[in-house]
Amino acid sequence: MKIHNISTAFAVYNKIDELPVDVQKLMEAAIKIKNNAYAPYSKFKVGAALLLKDGTIAVGNNQENAAYPSGLCAERVAVFHASAKDPNMEILKIAIAASSEINTVSKPVGPCGACRQVLSEYEVKQQKEIEIYFMGEIGDIIRTDSVADLLPFGFDKSYL
Ligand code: THU
């Protein structure tokens, strides 16, 4: 028996102004679209913005439902929308921002497990890493350089 360790590197930015200029724009798009989220149940709004290889930005926000599990997270709304529009699109970067009507979200909000799995599908498909930036309403912004950093031992088509 041998114990192995997996380590994840991530970067922390203290404010939006510290981000690369293209990512500042992307995060601003995520914050803007967050305000259109349909989140009457959780009051927790999330916005996601993707920078695509062709330079365009695709956005999404969380869409809740009275039948709770029927709703969908912002990240998946954005990715599925982009892929529906152009099945050959490539995602370079994703910015995620969240806020709550109940309290101030001061911790960076990373994508949920299901969204990591969905993002991983596209990272594997395009064979190019996706940079992920995520924040709350205030406070630090975290960057990882790939989805794989957030999802060790991810399931992909190689198992099928
Ligand atoms: N949510 C997202 O949109 N993205 C995440 O990665 C985490 C959670 C949404 C789902 C639900 O509408 C609300 O946040 C509370 O869980």
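How many disulfides does the count come to in this structure? In this predicted model, the count comes to 0 disulfides, where a disulfide requires a pair of cysteine sulfur atoms within 2.5 Å. For C73, the closest cysteine sulfur belongs to C115 and lies 3.8 Å from the sulfur of C73, which is too far for a bond. C115 is likewise in no disulfide, as the nearest cysteine sulfur to that of C115 is the one in C112, 3.7 Å away. The surroundings of C73 and C115 were also examined: C73 is partly exposed, with a relative accessible area of 24%, whereas C115 is buried, with a relative accessible area of 1%.

Two of these cysteines, C73 and C112, also belong to the shell around the ligand, which further includes S42, F44, V46, N62, E64, A74, E75, G110 and P111. By class, this shell is made up of 6 nonpolar, 3 polar and 2 charged residues. Among the elements that contribute to the shell, strand 2 (44-52) and helix 2 (74-85) each supply at least two residues.

Oxygen atoms of the ligand also lie close enough to the protein for polar contacts, for which the cut-off is 3.5 Å. An N or O atom in the side chain of E64 is 2.5 Å from an oxygen atom of the ligand, and a polar side-chain atom of N62 is found 2.9 Å from a ligand oxygen. At A74, by contrast, a polar atom of the backbone lies 2.9 Å from an oxygen atom of the ligand. Of the 370 Å² of accessible area that the ligand has on its own, 75% is covered by the protein.

Definitions and conventions. Residues numbered from 1 in each chain as written. Predicted model: local features only at pLDDT ≥ 70, side-chain atom pairs only at ≥ 80, totals over all residues. Heavy atoms only, no water. Near = heavy atom within 4 Å. Polar contact = N/O pair within 3.5 Å; in protein donor to acceptor, adjacent residues only side chain to side chain. Areas by Shrake-Rupley, 256 points an atom, 1.4 Å probe, with all protein chains shown as cover. Helix = DSSP H or I, 4+ residues; strand = E, 2+ residues; numbered from the N terminus. Nonpolar A, V, L, I, M, F, W, Y, C, P; charged D, E, K, R; others polar. Buried < 20%, exposed > 50% of the residue type's maximum accessible area, 1.4 Å probe, protein only.
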